[in-house]
Amino acid sequence: MATQTATAATGSTSGKPNEKKSQEKIAAEFQQLRNQQLNLVNNLNAIEMDLKEHKTVIDTLKMVEPSRKCFRLVGGVLVEQTVEIVLPQLELNKTQLEKLIEEGKEQITKKGIEINQYKDEHNIKMRGQEPTPPAANEKESAADDKSCGNRNVLPVRHNMLELQLTSGESENFFHLTVTGQLESAYFPMGPDGSGLFCRYDIVAGPDWELVSGLRSAVTQSARTESDYRTVVFNMPIEFTMKSTNPYGWPQIVFSLYGANIWNVETNRGYSRVHCPLSGGSGSSAERTIRAPLFIPKYSNMCSAAMSWISGVNPEMRDPKILTDGSKHKGLACETYGELVIRLQTISRGTSQMALDWGQTTVDDRNY
């Protein structure tokens, strides 16, 4: 009897850690399912944005001549092609993206059903969720069957909403999507060199994280054509970032290069712009910016004379310092020419964080 009692006591004490470990495992598996669903939703949003861009480009290319020259961005490099070659490829990509969207929606629905079943199986209650009586649940499920015809549709939507509110993503971050293009470079007396190309770099504060798009890219080499003062690039710019606060608002630094009279590649100017402020959560703001180009100059007379003879201008080791006013004090430079940039910004999640850019009243004024 004493042996049996001791054994029972030992089993009861050893059973508590196992029960606690089982609860931790259940919570970890449930969080893993939620993370999987969140990844599926984010991937679906990215694909839908890509499909929207394809539709815009396809509609634009259908209105131009098939033999017109165009450039396609492949792996961060612009490839020269014609409209009749690019258009069928874009239409094929569009069809594939539509199929991916349908598959993504099915995966999200299945994952939502799996999460709901897991919650019911282990009696999981979310924080802030009030328990509902069984009778109310039966009535709600019956109403769902009559209204939707599919019992699993409405619970999945509730679960997706619950996932967004409890995961903290929509409460702790806001997203900023920037689209546009570097249209051209304008020089009043014509460019000093030939074969110009431009590189852009995105610079933001420490709290900003790049979600999609390229942080830097290089345009094709372009020359003046009908207008000797304008060099056309039409370089697309598109990226999405998220942050917890507006500090370190994204800026774009442009570095222009070209060949001099000795056919040596040299710097032709730098420029920087802030991304435009959006009109509020879900609204867009489009701006056409004419950013002046400035060329650094030597402060030493001997170095300046050698630069004039060789035609090679001084270059910055890191042009990103232009975004910080404290790092380029006393920089000697001259201004010649400007870049024409068209940017459009869309913000999402700012209203939940009580952020107001103050653009609504300004944009509605009549000047």
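**Exercises on a predicted model**

Helix 6 is followed by Gly311, whose phi is positive, near 75 degrees; this and everything below refers to a predicted model.

**Exercise 1.** Determine whether helix 6 lies largely in the open or not, and state which contact is found at its start.

*Solution.* Begin with the count: helix 6 spans residues 301-310, and of these 10 residues the number buried is 1, so the helix lies largely in the open. Then turn to the start of the helix, where a side-chain oxygen of Asn300 comes to within 2.8 Å of the backbone nitrogen of Cys302.

**Exercise 2.** Establish whether Phe187 is buried or exposed, and list the residues that it touches.

*Solution.* First locate the residue: Phe187 belongs to the loop between strand 3 and strand 4. Next compare its relative accessible area, 4%, with the cut-off for burial, which is under 20%, so Phe187 is buried. Finally, leaving aside residues up to four places away in sequence, Phe187 touches Leu196, Arg229, Leu256, Leu293, Tyr336 and Gly337, while its C-alpha atom is separated by 8.4 Å from that of Val231, 44 residues apart along the chain.

**Exercise 3.** Describe the largest nonpolar core and identify which strand gives the most to it.

*Solution.* The largest nonpolar core has 32 residues, and those with the most contacts inside it are Leu182, Ile252 and Phe254. Among the elements that give two or more residues to this core are strand 3 (174-186), strand 8 (251-259) and strand 11 (333-348), but strand 7 gives the most, with 6 residues. Apart from this core lies another, of 8 residues, including Phe197 and Met316.

Technical notes
Residues numbered from 1 in each chain as written. Predicted model: local features only at pLDDT ≥ 70, side-chain atom pairs only at ≥ 80, totals over all residues. Heavy atoms only, no water. Core = buried A, V, L, I, M, F, W, Y, C linked by side-chain atoms within 4.5 Å. Buried < 20%, exposed > 50% of the residue type's maximum accessible area, 1.4 Å probe, protein only. Helix = DSSP H or I, 4+ residues; strand = E, 2+ residues; numbered from the N terminus. Polar contact = N/O pair within 3.5 Å; in protein donor to acceptor, adjacent residues only side chain to side chain. Contact = heavy atoms within 4.5 Å.
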